[in-house]
Amino acid sequence: MHAIDSHVLSADEIELVHDYWSAANYLSVGQIYLVDNPLLRQTLVPEHIKPRLLGHWGTTPGLNLIYAHLNRVIVTRDLDMIFVTGPGHGGPAIVANSWLEGTWSEVYRNTGQDEDGMRRLFKQFSSPGGIPSHVAAEVPGSIHEGGELGYSLSHAFGAAFDNPDLTVACVIGDGEAETGALAASWHSNKFCNPSRDGAVLPILHLNGYKIANPAVLARIGEDELTDLMRGYGWDPYLVAGDDAASVHQQLAATLDRVLEEISGIQKAARTGGVSDRPRWPMIVLRTPKGWTGPESVDGLPVEGTWRSHQVPLAGVRESDDAGEQLEAWMRSYRPDDLFDDSGAPVERLRSFAPAGDRRMSANPQTNGGVASRDLDLPDVEAYGVDVPAPGVEMHEPTKAAGAYLRDVMRANAKSANFRLFAPDEMESNRLSSVYEVTDKTWAADTLPTDEHLALDGRVMEILSEHTCQGWLEGYLLTGRHGIFTSYEAFVHIVDSMFNQHAKWLKVSQQLEWRRSLPSLNYLLTSHVWRQDHNGFSHQDPGFIDHVVNKKAEVVRVYLPPDTNTLLWTVDHCLRSRDHVNVVVAGKQPQPSWLNVEEAGLHAVRGLGVWEWASNDEGDPDVVMACAGDVPTLETIAAVDLLRDLLPDLRVRVVNVVDLMRLQSTNEHPHGLSDAEFDAIFTTDRPVIFAYHGYPALIHRLTYRRHNHANLHVRGYKEEGTTTTPFDMVVQNDLDRFHLVIDVIDRVPGLARRAPVARQKMVDMRTRHRGYVVEHGIDMPEVLDWKWSR
Ligand SMILES: Cc1ncc(C[n+]2csc(CCOP(=O)(O)OP(=O)(O)O)c2C)c(N)n1
Ligand SMILES: [Mg+2]
């Protein structure tokens with residue numbers, strides 16, 4: 001590992017950066033401990049101390065140290081830089097820096113840069129009615145809360161893509177670096193284009209410990225760590241020590257060097273064109289956890305150990321000794337030299353910080369991006385497939401969506417604000433038309449046999465769902481647009497990342513100063529019902545269940561039944577802001593029910609009666625509802641059977657695209673009013689609902705509806721294997737024959753009148769089983785069935 005020991009700072013400069021660091025440390029400790037007496041102008045007494053001591057000290061001095069040194073280089077080099085805090089539990093550090101820079105007081109006007117403001121700043125931290133302990137959405141300059149560890153580096157790269165002038169400093173905790181998500185994201189350097197993208201500077205913070213354990217990377221020896229980082233393609237620089245003056249000198253010199261390296265890589269790429277993949281620099285910062293805090297407490301070492309992780313001194317209100325130790329600790333930063341009479345940072349500290357938009361806490365990239373623009377979207381109608389009559393023509397929905405996305409890509413190429421993200425599945429999800437206009441980003445080696453790989457591609461494929469999601473989130477949080485396409489079953493890998501992003505959106509919607517963000521869009525295809533090559537492991541529609549746990553203001557779930565409806569749905573999602581949109585759609589050839597105009601109306605309605613399939617004349621005996629492409633096919637085929645077998649039965653067909661329409665208006669902004677719901681689903685007729693996913697969700701969404709007792713849902717019930725498409729629905733009782741049986745069993749009096757029809761359906765299911773086992777394909781009457789009314 002390189003170690004730079006040149007002396008770039010004068011003694012005065014060391015003192016200045018040290019004082020800035022001390023001021024941030026002082027403000028951090030104050031947030032953890034104090035409700036009053038913020039400048040220690042009186043002797044500390046128990047009433048000045050918080051009744052509950054909450055927060056994380058251990059990581060904080062390291063974050064403050066890095067932040068102070070970055071401020072220096074931002075000013076000397078006029079850098080456009082943002083800060084991503086991997087150990088986001090170090091909230092006090094970033095809040096302190098935002099206050100020092102004046103941004104906090106600009107955003108929260110009652111918290112000025114004065115003594116009273118400082119008191120408020122301290123009191124609100126980790127307190128009811130105040131702010132959270134982490135670098136949450138409330139913190140200006142943050143795009144990364146860092147509550148759930150592992151996503152800092154992928155977020156940092158997402159922010160840097162298509163931002164050629166931006167440098168993202170990304171602090172990675174040595175504990176965080178043990179997570180799978182973070183481990184995969186080191187590879188982001190194989191997807192970064194030095195001409196077109198900004199730079200990411202990873203700073204691995206080797207403070208040695210997590211909450212209660214040593215960190216692996218701090219205990220493998222420098223050689224092994226160097227090999228690891230070089231193996232990931234990085235060029236590591238070491239800054240290490242516990243002597244402040246020496247660390248300041250090393251860190252300053254190292255930052256100067258790595259930023260020189262970065263601008264050298266970029267200049268070379270931007271003038272001469274890129275040749276070899278660059279080895280980007282990174283920093284390994286080895287300093288004590290809880291540095292400058294209490295060395296020991298009650299005879300046990302604290303500074304430089306895991307014991308400094310949270311609140312190193314407990315019982316400060318109760319014990320005089322602890323109270324004195326806290327006061328001595330805080331006074332060790334010399335607050336009287338750092339803050340003036342009014343309580344503001346002294347002039348030399350204020351002028352040390354960057355100004356205006358250059359402040360990392362005020363960089364517009366971190367608040368919806370610089371002039372985030374809407375996408376230029378082509379006219380959906382031009383991509384619609386021809387549907388002369390319902391159910392006659394077959395189309396591949398995602399293929400049509402691919403053509404549309406190709407032209408979205410083309411139309412926005414100049415603004416460079418749209419990318420597609422996938423874990424190696426663009427091709428298999430039939431979205432490959434986009435390769436007519438762009439390639440897959442790839443900075444690693446290529447072979448003549450490769451296809452569509454290029455350094456300037458706009459499709460991001462890496463087999464790490466975590467990295468795809470993290471990149472996309474970083475891209476969205478800085479105001480750009482994208483879609484993540486994944487197999488339905490495996491998108492569960494990012495359940496937790498989705499959680500965190502949805503929480504972020506919920507909070508940022510409530511902060512009037514946070515700008516809106518383009519939505520996070522999932523296109524889930526290769527879904528549960530059509531895993532022809534695969535099997536049980538690939539069959540899981542539960543992501544939807546997971547998503548609807550989140551705030552109604554944030555989540556949307558769409559199940560377009562056919563190709564034209566999918567096109568409108570994708571168009572809608574790309575226009576939307578501040579949401580998470582989940583779209584589930586098939587890629588296999590399947591019947592198209594609606595022409596492009598009808599599909600547009602259906603998509604806007606989100607749910608509707610399909611008159612062409614119904615014969616209820618306003619008074620149904622049964623409502624056949626469906627959501628999802630395969631359930632829609634089975635429902636329409638069941639209706640066809642019913643109309644042959646029981647011509648007097650009045651059937652109403654309802655198709656649901658927007659699942660949230662099922663909820664009440666007071667639970668979801670898309671919810672149908674009770675009056676509308678009753679009009680469509682009736683208050684007293686059986687509703688047979690064929691649903692794409694786990695049936696319980698439909699009950700959950702409708703349990704307050706008047707007709708809920710009559711609602712009977714079929715869906716996926718964890719039956720499946722590698723088998724035919726129709727066998728999948730039979731195994732889960734979602735097939736047309738079973739739906740007919742359900743109708744006969746549920747419509748009052750019908751069972752008695754229709755025993756022969758019911759028996760026929762049972763026999764068809766028996767025949768089906770024998771047939772698929774013998775022939776390996778579905779029966780001709782299923783395969784060749786078409787709606788022909
Ligand atoms: C994914 C995840 N698992 C567990 C935790 C609980 N947790 C919070 S902090 C922490 C230790 C982090 O250690 P490190 O990344 O080294 O940070 P630092 O030492 O700088 O505090 C853990 C395990 C978490 N926040 N996220
Ligand atoms: Mg650590």
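This passage walks through three helix pairs and one ligand site in a predicted model.

Start with the helix pairs. Two packed helices are described by the angle between their axes and the distance between the axes. Helix 2, spanning residues 60-77, and helix 9, spanning residues 244-272, have axes that come within 10 Å and cross at roughly 50°. That angle falls outside the roughly parallel range, which stops under 35 degrees, and outside the roughly perpendicular one, which runs from 65 to 115, so helix 2 sits oblique to helix 9. The crossing of this pair is right-handed. On the helix 2 side, the contact draws on Leu65, His69, Leu70, Arg72, Val73 and Arg77. Facing them from helix 9 are Val247, His248, Leu251, Ala252, Leu255, Asp256, Leu259 and Glu260. Sorted by class, the residues of this contact come out as eight nonpolar, two polar and four charged.

Further along the chain, helix 17 (residues 563-575) packs with helix 18 (residues 596-605) at an angle of about 50°, and the two axes are 8 Å apart. Helix 17 and helix 18 are therefore oblique to each other as well, and helix 17 passes helix 18 in a right-handed crossing. Helix 17 puts Asn564, Thr565 and Trp568 into the contact, while helix 18 brings Val596, Ala599, Gly600, His602 and Ala603. The split here is four nonpolar and four polar, with no charged residues.

The remaining pair is helix 19 (residues 629-645) with helix 23 (residues 736-746), packed at an angle of about 55° with axes 8 Å apart. That angle makes helix 19 oblique to helix 23, and once again the crossing is right-handed. From helix 19, the contact takes in Leu633, Glu634, Thr635, Ala637, Ala638, Leu641, Leu642 and Leu645. Helix 23 answers with Arg736, Phe737, Leu739, Val740 and Val743. By class, this contact of helix 19 with helix 23 holds 10 nonpolar residues, one polar and two charged.

Now for the ligand. There are 16 residues around ligand 1, and those that come nearest are His89, Asp174, Gly175, Tyr209 and Lys289. Asp174 also makes a polar contact, with a polar side-chain atom 2.6 Å from an oxygen atom of ligand 1. Thr59 does something similar: one of its polar side-chain atoms lies 2.7 Å from an oxygen atom of the ligand. Leu149 takes part through its backbone, where an N or O atom lies 3.1 Å from a nitrogen atom of ligand 1.

Definitions and conventions:
Residues numbered from 1 in each chain as written. Chains lettered and ligands numbered in written order. Predicted model: local features only at pLDDT ≥ 70, side-chain atom pairs only at ≥ 80, totals over all residues. Heavy atoms only, no water. Axes fitted to C-alpha atoms, helices over the stretch in contact; angles between N-to-C directions. Helix = DSSP H or I, 4+ residues; strand = E, 2+ residues; numbered from the N terminus. Parallel < 35°, antiparallel > 145°, perpendicular 65-115°, else oblique. Left-handed = near helix turned anticlockwise from the far one by under 90°. Contact = heavy atoms within 4.5 Å. Nonpolar A, V, L, I, M, F, W, Y, C, P; charged D, E, K, R; others polar. Near = heavy atom within 4 Å. Polar contact = N/O pair within 3.5 Å; in protein donor to acceptor, adjacent residues only side chain to side chain.
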